[in-house]
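Here are some worked exercises on helix packing. Try each task with the structure open before you read its solution.

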Amino acid sequence: MKAWYISARARVRNVIRDKWLYMMLLPGIVYFIVFKYVPMYGIMMAFQDYKPYLGFKHSPWVGLKHFERFFGEPQFWMLFRNTVVLALYNMIFFFPLPILLALMLNELRSERFKRFVQMFVYIPHFVSWVVVAGIFYMLLTTENGIVNEWIYKISGEKIAFLLEPEWFRAIIVTQSIWKEAGWGTIIFLAALSGVDMQLYEAARIDGAGRWRQLWHITLPAIRNTISILLILRLGHFLDSGFEPIFLMLAPTNREVGEVFDTYVYVKGLTQAQYSYSAAVGLFKSAAGLLLVLGSNWLAKRFGQEGVY
């Protein structure tokens, strides 16, 4: 009992000593409590036949009815395929780009030019998805679109990028890369700033060139950061991104563009099937949780730092 009391007093002293650091954490803690944990109360809606006028307490319980309906829908495998394919495209083409961009920025010797490039690649992050969709529309439309005008001058034909299904996924991934790749470099640049410069000096003395320094010093220095971000990314594997997909959807590309996020919007908001859409959302969250747990376990098995 005495040891517990001494430990508790030491913790209180540490909190008082670092009170301003805890104050800095407070807005983030409040944000997660209000917008992440409190809304979890609504999960019970997925197991109810929810009626707004009855509320959570009085809406009838239906068990796994909505999940059975969802897995039995003819659209399920189409939604699953589209979501997984888009997620794989993002993992293959989008996830490595911030790493490569951060490595290239780290190699720049002129600080002024480096800051200019950073500003240039950060700006798209602050552009609304509606504006991004408008830009791509102006570039790719067959009606005086810049890209199609070039293609027409070369081949005499125009390509309906915005309507043909085979171009939809490439457009979505390209939008994500243009908008978010630069912003994603921030964490990797922060990790690279902590690399001991004496390691590079020792490597140069030993005759190592820029590529060997990159392979044996720079990449190992950010390996744990890459591992952690990959695990967190897998937690959002089925989150294909509602805004860019919804804005680019058309009747002709819906077979390859309809994903869980847009399906939840249609069922939940436009058709008022709240319990059913909650069940779909819970399925996505459960799948993300399993991916995080599995990838974290694999990372630990391979000697990397996990999320926990």
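**Exercise 1. Work out how α8 and α9 are oriented relative to each other.**

Solution. The outcome to aim for is that α8 and α9 run roughly parallel to each other. Step one is the geometry: the axes of helix α8 (residues 129-140) and helix α9 (residues 146-155) cross at roughly 15° and come within 4 Å. Step two is the cut-off: angles under 35 degrees count as roughly parallel. Step three is the contact itself, where M138, L139 and L140 in α8 meet I146, V147 and N148 in α9. Sorted by class, the contact of α8 with α9 has five nonpolar residues, one polar and no charged ones.

**Exercise 2. Describe how α4 packs on α18.**

Solution. Begin with the axes: helix α4 (residues 65-72) and α18 pack at an angle of about 75°, with their axes 9 Å apart. Angles of 65 to 115 degrees count as roughly perpendicular, and α4 and α18 are therefore roughly perpendicular to each other. Next, list the residues: α4 contributes H66, F67, R69, F70 and F71, while α18 contributes S275, Y276, A279, V280, L282 and F283. Finally, classify them: the contact of α4 with α18 has eight nonpolar, two polar and one charged residues.

**Exercise 3. Do the same for α17 and α18, and add the handedness of the crossing.**

Solution. Helix α17 (residues 260-270) and helix α18 (residues 274-301) have axes 8 Å apart and pack at an angle of about 160°. That makes α17 roughly antiparallel to α18. As for handedness, α17 passes α18 in a left-handed crossing. On the α17 side, the contact is made by F260, D261, Y263, V264, K267 and G268; on the α18 side, by Y274, Y276, S277, V280, G281, F283 and K284. By class, the contact of α17 with α18 has seven nonpolar, three polar and three charged residues.

**Exercise 4. Step back to the whole protein: how many helices and strands are there, and how spread out is the protein?**

Solution. Count the elements: the protein has 18 helices and zero strands. Then compare sizes: the radius of gyration is 25 Å, well over the 19 Å that the globule rule gives for 308 residues, so the protein is more spread out than a compact globule. Along the principal axes, its C-alpha atoms fill a box of roughly 80 × 65 × 35 Å.

**Exercise 5. Find where confidence is lowest and where it is highest.**

Solution. Remember that this is a predicted model. The protein averages a pLDDT of 86, and 98% of the residues score at least 70. Confidence is lowest in helix α1 (residues 2-17), at a mean of 72, and highest in helix α10 (residues 168-180), at 92.

Technical notes
Residues numbered from 1 in each chain as written. Predicted model: local features only at pLDDT ≥ 70, side-chain atom pairs only at ≥ 80, totals over all residues. Heavy atoms only, no water. Axes fitted to C-alpha atoms, helices over the stretch in contact; angles between N-to-C directions. Helix = DSSP H or I, 4+ residues; strand = E, 2+ residues; numbered from the N terminus. Parallel < 35°, antiparallel > 145°, perpendicular 65-115°, else oblique. Left-handed = near helix turned anticlockwise from the far one by under 90°. Contact = heavy atoms within 4.5 Å. Nonpolar A, V, L, I, M, F, W, Y, C, P; charged D, E, K, R; others polar. pLDDT = per-residue confidence, 0-100. Rg over C-alpha atoms; globule rule 2.2 N^0.38 Å.
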